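I opened this notebook page to keep track of what I looked up in the structure, one topic after another. The entries follow the order in which I went through them.

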Amino acid sequence: MRILVTNDDGIRAPGLWPLVESLKRVGEVVVVAPDREQSGVGTSVTFHQPVRARKARSLVPGVVTYAVEGTPADSVILALGHLFRDGVDVVVAGINEGPNLGNDVFISGTVGAALQGYFYRLPALALSVDAWETSHFEAAAELARLLVEKIASQALPREMLLNINLPDRPLSQIEGIEITRLGARSYADVIQEGHDGRRKYYWIVRGDPQWDQETGTDIWALSQNRASITPIQINMANHTLVSLLRELAPFLFQALRQKDEVDVSH
Ligand code: MN
């Protein structure tokens, strides 16, 4: 079993290497990760400039490691499409410093990396710990290893994306594992304006999160001092809107046609 490990905190981030160390016990680990911090870039892929990758020194002996001048998604695409084209069995992203909960999965580079593995029809895990300066990576590293073992023994399906968050606690102080749905967490985006002497600029700064503590969500699980596993699928179709839109579609089309007739007659 070959395990691709990546992250969005960059190749030197402290959360990457405990994960590598732990997963080495299950199979061959290879690392392809951004050469610098790329948090918050989501699923972004670099199309407008070249992406460079160089072999880098692994902090865990015997692990082939590449540092990528690009995003987490670039790293996974490069790994699966070129560097390790001969086969990767599972993609694991993390361990991120800071939680990735609720709406944040859309901007998370950690989830964005895992998502690329999922697009390649590989099982993919995104792992985060609920602290911006994490003290305890060991529970996340251990949970990742157990899940990859379950994938290897086919106790879990191949097409699977799991978003996993853990409290920043030693294993002995984590009180359980909840299988959750994504909660609603939104930030007040604060725009800070300044002037650099030539032009105006803006900083988009995240304010305090507004939490939804509804039972059964990922946010709730962490508040209960438990690990959260949220199975994610990418079909975001909103079925409740389908019948309403179906009724509306003929009228929209008719209006388009009328617009066309007006344009032609001019
Ligand atoms: Mn990050």
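Before the first entry I need a cut-off: a residue is called buried under 20% relative accessible area, exposed over 50%, and partly exposed in between. I also note at the outset that I am working with a predicted model.

**Entry 1, Ala-53.** I looked up where Ala-53 sits and found its place in strand β3. Its relative accessibility is 37%, and because this value lies between the two cut-offs, Ala-53 counts as partly exposed. Setting aside the neighbours within four places in sequence, I listed Tyr-66, Ala-67, Val-68 and Leu-78 as the residues in contact with Ala-53. I also checked Ala-53 against Arg-25, which is 28 residues away along the chain, and the separation of their C-alpha atoms is 26 Å.

**Entry 2, the metal site.** Which residues coordinate the manganese ion? I found Asp-8 and Asp-9, each through OD, together with Ser-39 through OG and Asn-96 through OD1, at 2.1 to 2.2 Å. Written along the chain, the spacing of these donors is D-D-x29-S-x56-N. The pair of Asp-9 and Ser-39 links distant parts of the chain, since I find Asp-9 in the loop between β1 (2-6) and α1 (16-23) and Ser-39 in the loop between β2 (28-34) and β3 (52-55), 30 residues apart. I then asked whether each is buried or partly exposed: Asp-9 is buried at a relative accessible area of 12%, whereas Ser-39, at 36%, is partly exposed.

**Entry 3, α2 against α3.** For helix α2 (residues 72-83) and helix α3 (residues 109-119), I noted that the axes come within 8 Å and cross at roughly 25 degrees, and the two helices are therefore roughly parallel to each other. The crossing in which α2 passes α3 is right-handed. On the α2 side I listed Pro-72, Ala-73, Val-76, Ile-77 and Leu-80, which meet Gly-109, Gly-112, Ala-113, Gln-116 and Gly-117 of α3. Sorted by class, this contact holds 6 nonpolar and 4 polar residues, with no charged ones. As a reminder to myself, an α-helix has 3.6 residues a turn, so residues three or four places apart point the same way.

**Entry 4, burial of the two helices.** Why do I describe α3 as largely enclosed by the rest of the structure? The reason is that 10 of its 11 residues are buried, and the buried residues include Thr-110, Val-111, Leu-115 and Tyr-118. The buried residues of α3 pack against β1, α2, β5 (90-97), β6 (124-129), β7 (161-166) and β11 (227-232). In α2, I recorded Pro-72, Ala-73, Asp-74, Ser-75, Val-76, Ala-79 and Leu-80 as buried, and the buried residues of this helix pack against β1, β2, β4 (65-69), β5 and α3.

**Entry 5, α1 against α4.** I last looked up α1 and helix α4 (residues 138-152), whose axes come within 9 Å and cross at roughly 40 degrees. The two helices are therefore oblique to each other, and α1 passes α4 in a right-handed crossing. Here Pro-18, Leu-19, Ser-22 and Leu-23 of α1 meet Ala-141, Glu-142, Ala-144, Arg-145 and Val-148 of α4. The residues of this contact divide into 6 nonpolar, 1 polar and 2 charged.

Conventions
Residues numbered from 1 in each chain as written. Predicted model: local features only at pLDDT ≥ 70, side-chain atom pairs only at ≥ 80, totals over all residues. Heavy atoms only, no water. Donors = N, O, S within 2.8 Å, 3.2 Å for Na, K, Ca; no water. Buried < 20%, exposed > 50% of the residue type's maximum accessible area, 1.4 Å probe, protein only. Axes fitted to C-alpha atoms, helices over the stretch in contact; angles between N-to-C directions. Parallel < 35°, antiparallel > 145°, perpendicular 65-115°, else oblique. Left-handed = near helix turned anticlockwise from the far one by under 90°. Contact = heavy atoms within 4.5 Å. Nonpolar A, V, L, I, M, F, W, Y, C, P; charged D, E, K, R; others polar.
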